[in-house]
Amino acid sequence: AAAAGKSGGEEAELAAALGQGAVGEDLELDNAREACEAELLDFHSAKEARSKQSGKGLVAAYAPVVVALCGHPAVAEGHPLLRGAALAALSRLMAIDGGFCEEHLSLIFTRLRDESDKGTRSALMVALGDLAFRFPNAVEPWTEHLYGLREWGNSLHDPDSGVRQHAITVLAHLVLNDMMKVKGHIAEMARCLEDPDPRVAAVAKLLFAELSRKHGNPIYNLLPDLLSRLSGDAATSPEAFQSIMTRLLGFIDKDRQTEALADKFVHRFAEAALAPTPKPARDVAFCISALALSDKAFKKFMDAWKLYEPALYDREVFKHLDAVVAKAKKTYGGKNKSGRSDGADAAEALEGPKKEIEDFERKMAAAHVERFESYRSARRAEGHVFDDDDTPAVTLGGEEGEKEAPLKATRDSENDGNAPEEEEEEDAALPDLNASGATAAEEATFVPTDDARLDGAPPALAETTENDLPDEPADANDLPDETENDENSPDEPEPEPAPKRGRAAAAKKEKKPTKAKKTEETGAAPVRSSRRALRAK
């Protein structure tokens, strides 16, 4: 039964172990196929010690000719069609044998670097993708060249959009099938998110969307490396950096991952604050502002004050961190509120976190103003000339240092713009004192009219001369008591309070009381100028 190869039970297992029956036949077929392949495709490699029959295969006989053509200067500078055919033949021979592939990878990458025809470059990228899938261990040392060095200008940095599209498609296929490691080179693919060709950008977006769905969300582990590489790349504009990081940080939806990323980003401030330019600190601050921090994460952010406080000299850094505080105002302490049943208790529970955030906001604003002024002063002392507006992002007012007039970089304040006008109005309302200590209003004479008293309007102020003065009674006691009439009049409006003045003006006024004030204390009529003139007569 074992010799007949019958399937079933212990007999079939015994036949498989002895290599007899159907299993034996399959083994013989595999051996025959390998022998045919060796006869047709056997290559001679200088790195391997083989038998005398090595390198005498039918296809392998053409390998030296193809290699010589691809390396010949005349072919390299010749017609693009001949050059493309030679490189295509070389790539197909490399896909047959692993040793031959590893030996000639340097040649094919050199031709990719120097190739001028865009069609040939696209074909080579597809061929290299096949080689990486067939012999990943052989192509792995050339991974950096496969992504394309910036000095070469090929692959993902190729000037032709068609070549870039083929490159991003091949690399996305290898990455998603775990045939190539992305760590260390993911920044090259992340830059494709802002590619001017929408086809390249669409493939890059699809790649990162598929990566986010894989187990463990690899993007979370790649973000710190992405931040370092994109921030240190001078060719990446701030707008492109912010757009790329906003899209990638949007894939982080777990509080635990958000908290860990925020902690890693905050600790980068210690190095970013010492950089010669504020760009690293700006990039780190933007990444923190793009995260949706939980209460626990924001609490850690406040506790790490000493790490990012030295970087507050920059207005952009302060703007991003102020946005973090603005978000926290809406959510910080929300869990305490949900745990309360009574509205009054909930308000009391939120009072503490709200005050804590406001105190932290004032503290950060004061530190920004101080750091900004010291930094600008030090740079001006070195001879640096600033082109922008030499003002901090916020202005401090009052003894407590509250934020009163933030610029456009921060939230607008509605009441700050009216303060200077009110001060000007108060100054204009105060009369000037003349040399004798009396006001200019004291030189005028009150001439109340009957119509004014009936209408309830205040008495008009008019200047009179000695000829126009009315006859005064002989005795001062016979004068009509106008003050009592004014007090008893129901239609007479109450006098408005005097505007507030400074301490120096108030003290001067107390030392030199005006005659009008003395008249009010004695209860006499306000007709002062006419009485003085009549007495002189």
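User: Which residue does the side chain of K118 meet in a salt bridge?

Analyst: In this predicted model, the partner can be found by following K118 from its place in helix α8, residues 118–134, to the loop between α10 and α11. Because the two residues lie in these separate elements, the pair ties together parts that are 42 residues apart in sequence. The N to O distance is 3.9 Å, and the residue that K118 meets is D160.

User: Is E259, which pairs with K300, buried or exposed?

Analyst: E259 belongs to helix α16 and K300 to helix α19, so their salt bridge ties together parts that are 41 residues apart in sequence; its N to O distance is 2.8 Å. K300 is partly exposed, with a relative accessible area of 41%. For E259 the relative accessible area is 14%, and since buried means under 20%, E259 is buried.

User: How many residues apart are E356 and K299?

Analyst: These two residues form a salt bridge whose closest N and O atoms are 3.0 Å apart. E356 is partly exposed at a relative accessible area of 29%, and K299 is partly exposed at 36%. The pair links distant parts of the chain, with E356 in helix α23 (residues 343–381) and K299 in helix α19, and the separation is 57 residues.

User: How many salt bridges does a search of the whole structure find?

Analyst: Among them are the pairs K118 with D160, E259 with K300 and E356 with K299. Elsewhere, salt bridges that share partners join E188, R191 and D233 into one network. Over the whole structure, the number of salt bridges found is 23.

How values were computed: Residues are numbered from 1 along each chain as its sequence is written. This is a predicted model: local features need pLDDT of at least 70, side-chain atom pairs count only at pLDDT 80 or more; totals for chains, interfaces and linings use all residues. Side-chain values use heavy atoms; hydrogens and water are left out. A salt bridge is a side-chain nitrogen of Lys or Arg within 4 Å of a carboxyl oxygen of Asp or Glu. Helices (H or I, at least four residues) and strands (E, at least two) are DSSP runs, numbered from the N terminus. Buried means under 20% relative accessible area, exposed over 50%, partly exposed in between (1.4 Å probe, protein chains only).
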